[in-house]
Amino acid sequence: MIPLTIALTKGRLEKQTLTLFEQAGIDVSFMQDKQRKLIFTSPDKRFKFLLVKAADVTTYVRHGVADLGIVGKDVLIEHPFGYYEMLDLKIGVCKFSVASTKQYRPDDYKRKRIATKYPTVASEHFRKKGEDVEIIKIEGSVEIAPVLGLADAIVDIVETGTTLKENGLEIFEDICPISARVIVNKAMLKRKRQAIFQLFDELECVIEGGKTR
């Protein structure tokens, strides 16, 4: 049997995904003792998992190294080409929001500086609102940008809002919801169609609240 190769986002989403697989009756016990390994093949040779950073999932799928990828919608918005987006897993749920200090005035006429790790999301959001803004791309902790005066506001992912509050920020506007999605390599959707849709059927039983298999 040729396994389905799945590029899986390391960390919290990895754990939530494996829990979902377990609920669907799929044995993922071989993933428990990871140590420093990044590649895992199931004993029945049905799956091969590649543990990678979120931003690299689309790259592995696009180039055919992975048949499938599991990653947050936030990454897909920033890297929208070269794959099919097939299934919303309804895990890793959060949202994109505009946040800043209490002094922020969203209706101020002046040109704003917006700090973010997600320039595509931020640019498109303000473009739709008809606002001309300066986007400042930041790779690290974006929350301190308004506090230090680097930016007027930020666009970032918000889950509980705790980090924002701890840094003296509040949400001024929600942009869109985010959750984990399954993406598929375009060629592999034809070559491994039966195996891919069998997995989708198993996962959808859990996602839609049906009985696990």
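## Report on a two-sheet predicted chain

L76 sits in helix α3, where helices (H or I, at least four residues) and strands (E, at least two) are DSSP runs numbered from the N terminus. This is a predicted model, in which local features need pLDDT of at least 70, side-chain atom pairs count only at pLDDT 80 or more, and totals for chains, interfaces and linings use all residues. Residues are numbered from 1 along each chain as its sequence is written, and side-chain values use heavy atoms, with hydrogens and water left out.

L76 has a relative accessible area of 3% and is therefore buried; buried means under 20% relative accessible area, exposed over 50%, and partly exposed in between, with a 1.4 Å probe and protein chains only. L76 and Q35 are separated by 41 residues in sequence and by 29 Å in space, taken from C-alpha to C-alpha.

### Overall composition

The protein chain contains eight helices and 11 strands. Of its 213 residues, 45% are buried. Its C-alpha atoms fill a box of roughly 60 × 35 × 35 Å along the principal axes.

### The five-strand sheet

One open sheet has five strands in the order β8-β7-β9-β6-β10, and its pairing is mixed. Two strands pair if DSSP finds at least two bridges between them. The edge positions are taken by β8 (134-137) and β10 (170-178); each has a single partner strand, so one side of each is left without a neighbour in the sheet. On average, neighbouring strands of this sheet are turned by 25° against each other, direction ignored. Axes here are lines fitted to C-alpha atoms, for helices over the stretch in contact, and angles run from 0 to 180 degrees between N-to-C directions.

Strand β6 (residues 94-100) has six of its seven residues buried, so it is largely enclosed by the rest of the structure. S97 stands opposite D174 in β10 and opposite D156 in β9. On the β7 side of β9, I114 has A153 as its bridge partner. Strands of a sheet pair through backbone hydrogen bonds, either parallel or antiparallel.

Strand pairings with their bridge counts are listed below.

| Strand pair | Sense | Bridges |
|---|---|---|
| β6 and β10 | antiparallel | seven bridges |
| β6 and β9 | antiparallel | five bridges |
| β7 (residues 113-116) and β9 (residues 153-158) | parallel | three bridges |
| β4 (residues 68-72) and β11 (residues 180-184) | antiparallel | five bridges |

### The six-strand sheet

A second open sheet is built from six strands in the order β2-β3-β1-β4-β11-β5, with mixed pairing. Its edges are β2 (39-41) and β5 (84-88); each has a single partner strand, so one side of each is left without a neighbour in the sheet. Neighbouring strands in this sheet are also turned by 25° against each other on average, direction ignored. In the pairing of β4 with β11, V71 stands opposite R181.

### Residues with positive phi

K45 lies in the loop between β2 and β3 (47-52). Its phi is positive, about 65°, although K45 is not a glycine. K45 has 44% relative accessibility and counts as partly exposed.

K90 lies in the loop between β5 and β6. The phi of K90 is near 60°, a positive value in a residue other than glycine. With 53% relative accessibility, K90 counts as exposed.

### The largest pocket

The largest pocket has a volume of about 430 Å³. On a 1 Å grid over the protein atoms alone, a pocket is an open set of points with protein on both sides within 12 Å along at least five of seven lines, whereas a cavity is a set of points where a 1.4 Å probe fits but cannot get out; lining residues have an atom within 4 Å of a point. Grid points are joined across faces, edges and corners, and a volume is the space filled by probe spheres set on the points.

The lining has 19 residues, and the closest to the pocket centre are L13, D74, G92, C94 and I157. At least two lining residues come from each of α1 (12-23), α3 (73-78) and β9. The largest share, three residues, is supplied by α1. By class, the lining holds 10 nonpolar, five polar and four charged residues. Ala, Val, Leu, Ile, Met, Phe, Trp, Tyr, Cys and Pro count as nonpolar, Asp, Glu, Lys and Arg as charged, and the others, Gly among them, as polar.

Domain 1 (4-93 + 178-210) and domain 2 (94-177) both give residues to this lining, so the largest pocket lies between them. The domain bounds come from an automatic or database domain assignment.
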